[in-house]
Amino acid sequence: MYNRRFLRLLRGKSGAQLEQRQTELQNEITVIAEMTEHCVYENARVALDQDEYQSRYDGLVDRFQKLQEEYVSVTARIAGNMAGKKTIEQFISTIETQEPITKFDEGLWSGLVDFVTVYSTKDIRVTFKDGTEIRA
């Protein structure tokens with residue numbers, strides 16, 4: 001029960017906002033591509049001042065490239081969020097299915113712990129799959 005609420009909070013506004021921004025960017029990219037195509041078509045059909053045309057064309061291409069870069073970045077963030085969500089779902093599932101721990105459980109260990117870092121005999125750190133780090 002609590003895991004569904006947690007996952008909804010995890011996805012929350014930032015996930016929805018990223019997806020909304022991704023859609024906005026896709027729409028804007030489409031419009032700029034159409035404007036660029038129209039610009040090229042107009043230059044081929046009508047005698048235009050080539051300096052003005054080149055300036056307009058360069059501006060459209062520059063805008064397209066910036067939008068494309070942001071789109072790729074937003075898409076990567078969405079994919080990262082989805083991967084993080086899957087990791088957290090697995091983490092919660094592992095915790096929910098566990099009985100009280102009375103002895104070392106390799107399955108629990110591998111389900112919860114991402115890695116252990118040993119800096120010295122007095123400084124050992126355990127990093128869990130959710131990113132939490134503790135000193136052991």
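**View 1. T127 sits in strand β2.** In this predicted model, the strand that carries T127 covers residues 123–128. T127 has a relative accessible area of 8%, and since the cut-off for buried is under 20%, T127 counts as buried.

**View 2. Who touches T127?** Which residues are in contact with T127 once its neighbours within four places in sequence are left aside? On one side of the numbering we have V113, D114 and F115; on the other, T132 and E133.

**View 3. Zooming out to the fold, we get three helices and three strands.** Start at the N terminus and the elements read α-α-α-β-β-β. Strand β2, home to T127, belongs to the β part of that run. Looking at contacts with a separation of 6 or more, 43% link residues 24 or more positions apart.

**View 4. The overall outline: a C-alpha box of roughly 85 × 40 × 20 Å.** Those dimensions are taken along the principal axes. The radius of gyration is 25 Å, whereas a compact globule of 136 residues would come in near 14 Å. Just 20% of the 136 residues count as buried, and T127 is one of the buried ones.

**View 5. Surface and charge.** The accessible surface adds up to about 10300 Å², and carbon and sulfur atoms own 54% of that area. As for charged side chains, there are 18 positive and 22 negative ones. How far apart do the centres of the two sets lie? The answer is 10 Å.

Conventions. Residues numbered from 1 in each chain as written. Predicted model: local features only at pLDDT ≥ 70, side-chain atom pairs only at ≥ 80, totals over all residues. Heavy atoms only, no water. Helix = DSSP H or I, 4+ residues; strand = E, 2+ residues; numbered from the N terminus. Rg over C-alpha atoms; globule rule 2.2 N^0.38 Å. Buried < 20%, exposed > 50% of the residue type's maximum accessible area, 1.4 Å probe, protein only. Contact = heavy atoms within 4.5 Å. Areas by Shrake-Rupley, 256 points an atom, 1.4 Å probe, with all protein chains shown as cover. Lys, Arg positive; Asp, Glu negative; His and termini not counted. Charge placed at Lys NZ, Arg CZ, Asp CG, Glu CD.
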